[in-house]
Amino acid sequence: MSRAEAVPDLRSEPAFPAAGIADRTTPLIRNCWYVAARSAELGDAPLGVAVAGVPVALFRTRDGRAAAVHDRCAHRSFPLSRGRVEGDRLVCGYHGIAYGADGLAACIPADDRPAARAAMRVRAFPLVERPPFLWLWPGDPHQADEALVPGHPWLSDSGWAFATGCTDIEANYLGLHENLLDTTHFSFLHAGNVGTPAYATAPIDLEVTGDRVRQVRVLEGDVLPALYDRPMDLVGKPVTRTTDSRFVSPGWHEAHAEVIDPAPAPGRPVRYATKILHAITPTAQDRTRYWWAIARDYRVDEPDVTEMMRVAIVEAFEEDRLALEWIREVQDRDGLGPVPERSVKPDRGGLAMRQIVARLAAREREAG
Ligand code: FES
Ligand SMILES: [Fe+2]
């Protein structure tokens, strides 16, 4: 399924930084749905977050609907997330101006002139609540198509169980996207939890379609790593393991993992499906909030298995966090330019993703 015309050619693509390849200095993409917070994080009090570098105050109206406005009062710049919610309004904690979910001032306690009210407004952002996530569009609201909010049915379907968590990474979000497309690092960085030695050399089938990247790897006759072997009760057994990694948008990556047991014991399944979901929100240029979930369709009624997988994946994601932060420190020390990074064959997916992001950034720059 390779689509060579859209895939970077390593013979002519020796290194980056390079024109047309996004790096940590590329402006953050705003026309995209990002997870702003977990649904459960937003209760009666407002919540301050940052999405693609935009400060946002989230709050719930009386009927529980989530709303998002710029986290800066139009009067004297007080952070609205430090105010309070009254009924359907977010009330500034400094002089009490009350804003509706549309960002318009509904009440100015110190000035009852309609003209003063009409001039007082903050920006409201498109927001979609799709539990367990609140999705926000920080860019042009006219382009905020709800149909583009990534689906994650495995987090609400009773046939699945999942573990979830959140990590803050002090590094640019593109490094994390690249990490997720670069499955060869499993064998080295994650040797104790999600990687096996054979994983580094398994062939990769790459497909680039529009603004999406998909990579499929199939490993035949290998044993499973710690993340899967006990949860699937297949310790030491040769199986077929498929990983289908997808860059869906700057805010979302999903990995569809499947294990086939070619000789199942009586009463045991042939196929085990796992979905590893990654909501990636650049809060600032070099800071990323990373929500993840790992959902499975086996042993769904066993909380011990959920916990076992949570612990293994937390260990792996902590290894990723450290790697990305160490890389950022080296780049901070040496700069991006003087020591260009060379690429190897399995980097094609990551480079394709960087090309897509560079294109999206150029489009946003042209649109002003
Ligand atoms: S700063 Fe918000 S009401 Fe004055
Ligand atoms: Fe990793």
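Analyst: Before a metal site is read, its terms must be fixed: donors are N, O and S atoms within 2.8 Å of the metal (3.2 Å for Na, K and Ca), and a site may look incomplete, because water is not among the atoms. The model is predicted, so local features need pLDDT of at least 70 and side-chain atom pairs count only at pLDDT 80 or more, whereas totals for chains, interfaces and linings use all residues. Residues are numbered from 1 along each chain as its sequence is written, chains are lettered from A and ligands numbered from 1 in the order in which they are written, and side-chain values use heavy atoms, with hydrogens and water left out.

User: Which residues coordinate the iron ion (ligand 2)?

Analyst: The iron ion (ligand 2) is coordinated by H185 through NE2, by H190 through NE2, and by D320 through two OD donors, at 2.1 to 2.4 Å. Along the chain, the donors follow the spacing H-x4-H-x129-D.

User: Why is the arrangement of the four donor atoms around the iron ion (ligand 2) irregular?

Analyst: Four donors count as tetrahedral if all angles lie between 85 and 135 degrees; four count as square planar and six as octahedral if opposite donors are over 155 degrees apart and all others between 65 and 115; anything else is irregular. Around the iron ion (ligand 2), the four donor atoms subtend angles of 57 to 153 degrees, and the arrangement is therefore irregular.

User: Are H185 and H190 buried or exposed?

Analyst: Buried means under 20% relative accessible area, exposed over 50%, and partly exposed in between, with a 1.4 Å probe and protein chains only. H185 has a relative accessible area of 11% and is buried; H190, with 1%, is buried.

User: How is the protein divided into domains?

Analyst: Domain bounds come from an automatic or database domain assignment. Here, domain 1 comprises 4–25 + 150–367, and domain 2 comprises 43–126. The C-alpha centres of domain 1 and domain 2 lie 37 Å apart.

User: Which residues of the largest nonpolar core touch the most other members?

Analyst: A nonpolar core is a set of buried Ala, Val, Leu, Ile, Met, Phe, Trp, Tyr and Cys residues joined through side-chain atoms within 4.5 Å. The largest one holds 67 residues, and L58, L136 and Y228 touch the most other members. At least three residues of this core come from each of domain 1 and domain 2. Apart from it lies another core, of 18 residues, including W33, V35, W135 and W252.

User: With which residues is L58 in contact?

Analyst: Contact means heavy atoms within 4.5 Å. With neighbours within four places in sequence left aside, the contacts of L58 include A36, A37, L42, P46, L47 and V49, together with A67, A68, L127 and L136.

User: How should the strands be read, and in what order do the four strands of the open sheet lie?

Analyst: Strands of a sheet pair through backbone hydrogen bonds, either parallel or antiparallel. Helices (H or I, at least four residues) and strands (E, at least two) are DSSP runs, numbered from the N terminus, and two strands pair if DSSP finds at least two bridges between them. In this model, an open sheet of four strands has the order 6-7-8-9, with antiparallel pairing. Strand 6 (84–86) and strand 9 (105–107) are the edge strands, each pairing on one side only. Two bridges link strand 8 (residues 98–99) and strand 9 in the antiparallel sense; A98 has C107 in strand 9 as its bridge partner.

User: How many residues lie between strand 10 and strand 11 in their hairpin?

Analyst: The hairpin has two residues between strand 10 and strand 11. Strand 10 (residues 127–130) and strand 11 (residues 133–136) run antiparallel and are joined by four bridges; the bridge partner of E129 in strand 11 is L134. P132 is found in the loop between the two strands, and a cis peptide bond joins P131 and P132, with omega about 10 degrees.

User: Which residue other than glycine has a positive phi near 50 degrees?

Analyst: A52 has a positive phi near 50 degrees. A52 sits in the loop between strand 3 (47–51) and strand 4 (54–60) and is buried, at 0% relative accessibility. A52 is also one of the residues in contact with T283, which is placed in strand 17 (residues 271–284). R299, not a glycine, has a positive phi of about 45 degrees; R299 lies in the loop between strand 18 (287–296) and helix 5 (303–334) and is partly exposed, with a relative accessible area of 32%.
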